[in-house]
Structure formats: structure tokens, C-alpha cells
Amino acid sequence: MQRIHIDDVEGTLFPAGRRTRVLVGKDSPLQAKGFVMGRVRIFPGGSIPGHEHFNEEIYHILSGSGEMEAGNETETVRAGDTVYLDPNIPHTLRNTGGSDMEILFVYSPAGVVEHWREELEGKRPQG
């Protein structure tokens with residue numbers, strides 16, 4: 001058995017107003033070949049900017065509330081909601097509340113999605 005604690009993973013602070021901690025995956029503290037799992041804290045007014053990828057993915061909202069866009073749909077999401085995202089569908093998550101929003105994400109297959117690098121390099125819009 002392998003075990004880590006969220007506090008032991010510093011994660012990455014992104015310009016769009018969030019900290020992403022990848023806990024499980026190919027190049028993560030807990031190695032997995034078939035999927036990636038992590039936790040994101042989205043600060044008030046922050047987001048996971050619009051992006052798409054070939055991975056199927058879920059977002060599970062642990063706390064807070066916000067607005068989720070997927071394809072042509074926009075819905076309010078809140079703690080307890082789980083959203084399934086088909087591959088290649090553009091999606092965005094914004095924290096529209098007054099407190100931090102915490103989400104758990106899982107996508108498959110394992111690997112680092114391109115939009116993270118693009119955002120850190122300033123090549124992706126921040127909203």
C-alpha cells in the first residue's frame with residue numbers, strides 16, 4: 001500500500017486563480033498508469049480556463065459553488081455535484097462564490113494535459 005497526505009503535495013499555483021495538486025498519476029506522488037487524480041482549490045473569481053482534451057474526465061465539487069460550461073451548456077454547480085466530461089468537449093469551471101471552491105478531478109488515461117503548460121507559459125486565456 002502507498003499513502004500520501006494532501007498537505008505533503010505543494011502543487012502548482014496557476015495564473016487563473018487556483019492551486020492544483022496532482023495526487024495520483026504518471027509523474028505524481030502515487031504512481032498510476034491508467035488515470036490521474038488531483039485536488040484543486042479555486043480562489044474566489046478564479047477558474048479552470050476553457051480547454052479541451054482527448055481524456056474523459058470528472059469534476060467532483062467538494063466545497064463552494066460556481067459555474068460550469070461544457071460544450072454549449074452552462075450550469076451552476078455546488079458542493080456534492082459530480083460532472084462527467086466527454087472527451088474533446090470544451091469546458092471551463094469558474095468560482096462565482098465568495099469562498100474557495102474545492103474540487104476533485106479524475107481523468108483517463110494518465111499523463112499531463114497540455115492546457116496546464118500553456119496556461120503557465122501565458123499561451124492560454126485566463127477566463
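**Briefing: a buried histidine and the strand pairings**

His51 is buried, because its relative accessible area is 3%, and buried is the word for anything under 20%. The model described here is a predicted one, and His51 belongs to strand 5 in it. The points below start from that residue, move on to the open sheet that includes strand 5, and then turn to the pairings that involve strand 4 and strand 11.

**His51 and its surroundings**

- A polar atom in the side chain of His51 lies 2.8 Å from the backbone oxygen of Pro49, a distance that falls within the 3.5 Å used for a polar contact.
- Strand 5, in which His51 lies, covers residues 47–51 and is one of the edge strands of its sheet.

**The open sheet**

- Four strands make up an open sheet, and they follow one another in the order 5-10-7-8 with antiparallel pairing.
- At the edges of this sheet are strand 5 (47–51) and strand 8 (73–78), each of which pairs on one side only.
- When direction is ignored, neighbouring strands of this sheet are turned against each other by 20 degrees on average.
- Strand 7, formed by residues 65–70, pairs with strand 8 in the antiparallel sense, and six bridges connect the two.
- Within strand 8, Thr74 is the residue that serves as the bridge partner of Glu69.

**Strand 4 and its two faces**

- Strand 4 runs over residues 36–42 and has a covered face made up of Val36, Gly38, Val40 and Ile42, while Met37, Arg39 and Arg41 belong to the uncovered face.
- Strand 2, with residues 18–25, pairs with strand 4 in the antiparallel sense over six bridges.
- Met37, which is part of the uncovered face of strand 4, has Val24 standing opposite.

**Strand 11 and its partners**

- Strand 11, made of residues 101–108, pairs with strand 4 in the antiparallel sense, with seven bridges between them.
- Two residues of the covered face of strand 4, Gly38 and Val40, have bridge partners in strand 11: for Gly38 the partner is Phe105, and for Val40 the partner is Ile103.
- Strand 6, which spans residues 56–63, also pairs with strand 11 in the antiparallel sense, and seven bridges are found there.
- Phe105 of strand 11 stands opposite Tyr59, and Phe105 is also the bridge partner of Gly38 in strand 4.

Terms used. Residues numbered from 1 in each chain as written. Predicted model: local features only at pLDDT ≥ 70, side-chain atom pairs only at ≥ 80, totals over all residues. Heavy atoms only, no water. Buried < 20%, exposed > 50% of the residue type's maximum accessible area, 1.4 Å probe, protein only. Pairing = 2+ DSSP bridges. Axes fitted to C-alpha atoms, helices over the stretch in contact; angles between N-to-C directions. Polar contact = N/O pair within 3.5 Å; in protein donor to acceptor, adjacent residues only side chain to side chain.
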